[in-house]
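This report concerns pairs of charged side chains and the surroundings of one arginine. Please keep the sequence and the structure in view while reading.

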Amino acid sequence: LEKAALAEGQGLDPRSAAEAQKQLGPLVGLAAKVEISPRGVVGELAFAGDEKMAKPGTAEVLQMVQQTLEFAAVPFPEEPIGVGAKWEMANVSVAQGTRVTTRTVFLLKEWSADGGVITAEIARSAPKSPLRDPRMAGAQVSIDGKGTYTFKVKLDRPTLKVSGESETIAKIDVPKSAKGPAQTITQTIKTKHSLDSPGGK
């Protein structure tokens with residue numbers, strides 16, 4: 001990873017922008033390896049770096065990097081398909097101790113001799129589980145998210161172009177403690193992805 005920076009026009013005040021950029025800093029210089037199967041199934045990223053990856057906030061950013069690189073290929077079914085075909089893929093990943101199930105329904109919209117257009121409806125969910133955050137001892141978190149994406153693909157190379165967006169809602173239940181009463185915190189994360197392969201046409 002050669003550069004990690006906030007895009008312009010994020011609507012953050014200078015202090016928040018500086019803090020966000022500070023969290024991105026440790027990512028520069030990290031290397032990642034990912035395996036893609038012959039059918040286009042993208043595996044888990046394996047990162048090589050230093051202890052800075054464990055800093056608060058870095059794990060969330062790395063998770064977003066993983067999600068972005070999942071778009072490097074479309075997982076095709078084993079059986080032959082044609083325009084109008086639908087197929088579903090499901091996988092389970094672990095993010096900060098939380099098991100997240102992702103289900104994706106693909107639709108083959110267009111196809112020519114060696115490529116075409118595929119759309120995807122993605123749903124992510126995680127049942128209530130312990131939140132690994134020392135600042136909120138005993139807290140539980142559950143996750144619910146969805147997204148819609150469009151892929152332009154060819155069979156002999158990584159995805160040419162991807163565009164889409166997703167929304168993830170994390171509900172955190174914090175128990176009563178000496179520091180204050182019980183409370184529920186809801187975080188909404190909206191993400192837009194745009195991926196263009198170098199030289200893709």
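## Salt bridges and a buried arginine

Glutamate 88 and arginine 103 are joined through their side chains by a salt bridge, with an N to O distance of 3.7 Å. This pair links distant parts of the chain, since glutamate 88 belongs to strand E3 (residues 86-95), while arginine 103 belongs to strand E4 (residues 98-111). The two residues are 15 residues apart. The model discussed here is a predicted one.

How exposed is glutamate 88? Its relative accessibility is 47%, so glutamate 88 counts as partly exposed. Arginine 103, at 46% relative accessibility, likewise counts as partly exposed.

A search of the whole structure finds 5 salt bridges. Three of them, including the pair already described, are set out below.

| Acidic residue | Basic residue | Closest N to O distance |
|---|---|---|
| glutamate 88 | arginine 103 | 3.7 Å |
| aspartate 156 | arginine 157 | 2.9 Å |
| glutamate 167 | lysine 190 | 3.8 Å |

In the salt bridge between aspartate 156 and arginine 157, the partners fall into separate exposure classes: aspartate 156 is exposed, with a relative accessible area of 55%, whereas arginine 157 is partly exposed, with a relative accessible area of 39%.

The salt bridge of glutamate 167 with lysine 190 has its closest N and O atoms 3.8 Å apart. Because glutamate 167 lies in strand E7 (residues 161-174) and lysine 190 in strand E8 (residues 183-196), this pair ties together parts that are 23 residues apart in sequence. Glutamate 167 has a relative accessible area of 28% and is partly exposed. Lysine 190 has 66% relative accessibility, so lysine 190 counts as exposed.

The remaining part of this report turns to arginine 124. In which strand does arginine 124 lie? Arginine 124 is part of strand E5, which covers residues 115-130. Is arginine 124 buried or exposed? The relative accessible area of arginine 124 is 11%; buried means under 20%, and therefore arginine 124 is buried.

The side chain of arginine 124 makes a polar contact of 3.5 Å with the side chain of threonine 102. Which residues does arginine 124 touch, if those up to four places away in sequence are not counted? The contacts of arginine 124 comprise Gln67, Glu70, Val100, Thr101, Thr102, Ile143, Asp144 and Gly145. Threonine 102 thus appears both as the polar partner and in the list of residues touched by arginine 124.

Methods:
Residues are numbered from 1 along each chain as its sequence is written. This is a predicted model: local features need pLDDT of at least 70, side-chain atom pairs count only at pLDDT 80 or more; totals for chains, interfaces and linings use all residues. Side-chain values use heavy atoms; hydrogens and water are left out. A salt bridge is a side-chain nitrogen of Lys or Arg within 4 Å of a carboxyl oxygen of Asp or Glu. Helices (H or I, at least four residues) and strands (E, at least two) are DSSP runs, numbered from the N terminus. Buried means under 20% relative accessible area, exposed over 50%, partly exposed in between (1.4 Å probe, protein chains only). A polar contact is a pair of N or O atoms within 3.5 Å; within protein, one must be able to donate a hydrogen and the other to accept it, and residues adjacent in sequence count only if both atoms are side-chain atoms. Contact means heavy atoms within 4.5 Å.
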